[in-house]
Amino acid sequence: MYCRNNLGANNVTKDPMKDVNAARDFIDKWTEALIVTAAMDFFGMENPTAEPTKNQFSLATHQSRDFYVMDILGKFIDKYAIPSDDEFISTQSNDLRCPFCPNQYKQVSTLQKHFYKIHGRVTVDQVLQEDDRAEENGKSDSMYNYCRNALGLCLLAFDFTDARQMGDGDRIVRLHKFLMLHFKATNKYKYARHTLRHVAMANFLLTPRLANDLKWNRFINHLGKPTSNIEMDRCIEFMNRVYKGNVRGFRGKITEASINRVSRSAQKIEQTLLNVDQQSRVKRRAGKHTPAQHEEDVLRLVQMLDKEQVFQEKENRHLYFFPDFPRTVLGKLDMDDLFQWMEDAVEDLTSERCFRRLGTSHMQTTN
């Protein structure tokens, strides 16, 4: 909220669905600010326009500039966005534990009910389990941990948006694997199961033809540009908007015959009106959200983050709202439990009626 208040983005609330465009613009600014701040620390730059003093191109070290770009980007991602194997393994489970009894819970709301019914307390301030490393040596830096995790998640969201706009079905399936881990680590079981189902369908639950359709037959491109793909569901919503606009003209006098007539003629009428507008040179409202230039806001956030040196790990530095933020949120995953959950979920999926029918028909076709 501090960054939001610093930019005066009062239209961004805790519920992003109240203003999706405002929330998306703010996340874009925040992501770009994190990238620039991390790049300044990585290249040893005092400001965004300064000359790099570290990790520069060297012909003796790098074979070519292309090799240098790929090598340096890999090192940048490994340092600021993706936790190392040691960090992943050393991060312990952060279940919510009651300090007054041995009970453990996965969600704060469940622990809250336990406090109220058993111990007569309604606060969870004493519940958050401290990071084991912080308890041992007091060197945990929750601000550094938070910004690294935030940068990794923001880059994941950027990659998902880019894959959607490019219509890259293979990349979307790969990104679903990352999303599944994050959903499982944060106890979002329905979302985790949905992403696992999507990956399983694309790899082995569906026949090759249906799996290919799942990957590549899910976007529509009306403009013919490389980055103008949209989902079929969104296109259907656009069509429904035209249909609802025509139905609204009935002013409540709706019959089955009128509904059928509008459903068959709405798109043809819309296309006719569009052709008339084009010939008459009447400009329609684009209907596309065009974000304002936000370079000034990004630089303001960069200045604030660089002042705090968020990507330089310091001992015993804590955020007020996240005093014990872990090195990685994926560290909460128990690998044995994850594999067992995946096996059970896949077994349940294969027992679903639709997939049993597909498997039988595929075997008959193969034979």
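Student: Which is Arg281, buried or exposed?
Tutor: Three classes apply: buried is under 20% relative accessible area, exposed is over 50%, and partly exposed is in between (1.4 Å probe, protein chains only). Arg281 has 77% relative accessibility. That value is over the 50% cut-off, so Arg281 counts as exposed.

Student: What kind of model is this, and from which number do the residues start?
Tutor: This is a predicted model: local features need pLDDT of at least 70, side-chain atom pairs count only at pLDDT 80 or more, and totals for chains, interfaces and linings use all residues. Side-chain values use heavy atoms, with hydrogens and water left out, and residues along each chain, as its sequence is written, are numbered from 1.

Student: Where is Arg281, and what is its phi?
Tutor: Arg281 sits in the loop between helix 12 (256-279) and helix 13. Helices are DSSP runs of H or I with at least four residues, strands are runs of E with at least two, and both are numbered from the N terminus. Most residues other than glycine have a negative phi. Arg281 is not a glycine, yet its phi is positive, at about 60°.

Student: What value does phi take at Gln309, and which loop holds this residue?
Tutor: Gln309 is partly exposed because its relative accessible area is 31%. Its phi is positive although it is not glycine, near 55°. Its loop runs between helix 13 and helix 14.

Student: How many helices and strands are in the chain?
Tutor: Buried residues make up 32% of the 367 residues. The count for the chain is 15 helices and four strands.

Student: What share of the contacts with a separation of 6 or more joins residues 24 or more positions apart?
Tutor: A contact means heavy atoms within 4.5 Å. Among contacts with a separation of 6 or more, the share from residues 24 or more positions apart is 61%.

Student: Which helix gives the most to the largest nonpolar core?
Tutor: A nonpolar core is a set of buried Ala, Val, Leu, Ile, Met, Phe, Trp, Tyr and Cys residues joined through side-chain atoms within 4.5 Å. The largest one has 32 residues, with Trp30, Leu34, Phe43, Tyr80, Leu305 and Phe311 making the most contacts inside it. Helices 1 (2-7), 2 (20-43), 3 (65-80), 7 and 13 (295-308) each supply at least two of its residues. With ten residues, the top contributor is helix 2.

Student: Which residues does Phe43 touch, leaving out those up to four places away in sequence?
Tutor: Phe43 is one of the residues with the most contacts inside the largest core. Beyond four places in sequence, Phe43 touches Pro52, Thr53, Lys54, Asn55, Tyr68 and Ile72.

Student: What is the volume of the second largest pocket?
Tutor: On a 1 Å grid over the protein atoms alone, a pocket is an open set of points where a 1.4 Å probe fits, with protein on both sides within 12 Å along at least five of seven lines. Grid points are joined across faces, edges and corners, and the volume is the space filled by probe spheres set on them. For the second largest pocket it is about 580 Å³.

Student: Which helix gives the most residues to the lining of that pocket?
Tutor: Lining residues have an atom within 4 Å of a point. There are 22, and Ala81, Ile82, Gly152, Phe178 and His182 lie nearest the centre. Helix 7 (142-166), helix 8 (169-185) and helix 14 (335-350) each give two or more. Seven residues come from the leading contributor, helix 7.

Student: How many disulfides does the structure hold?
Tutor: A disulfide needs a pair of cysteine sulfur atoms within 2.5 Å. Cys147 is buried, with a relative accessible area of 4%, and Cys154 is buried at 9%. The number of disulfides is zero.

Student: How far apart are the C-alpha atoms of Ser140 and Arg327?
Tutor: Ser140 lies in the loop between helix 6 (132-137) and helix 7. Its relative accessible area is 9%, so Ser140 is buried. Ser140 and Arg327 are 187 residues apart along the chain, but their C-alpha atoms are separated by 8.6 Å.
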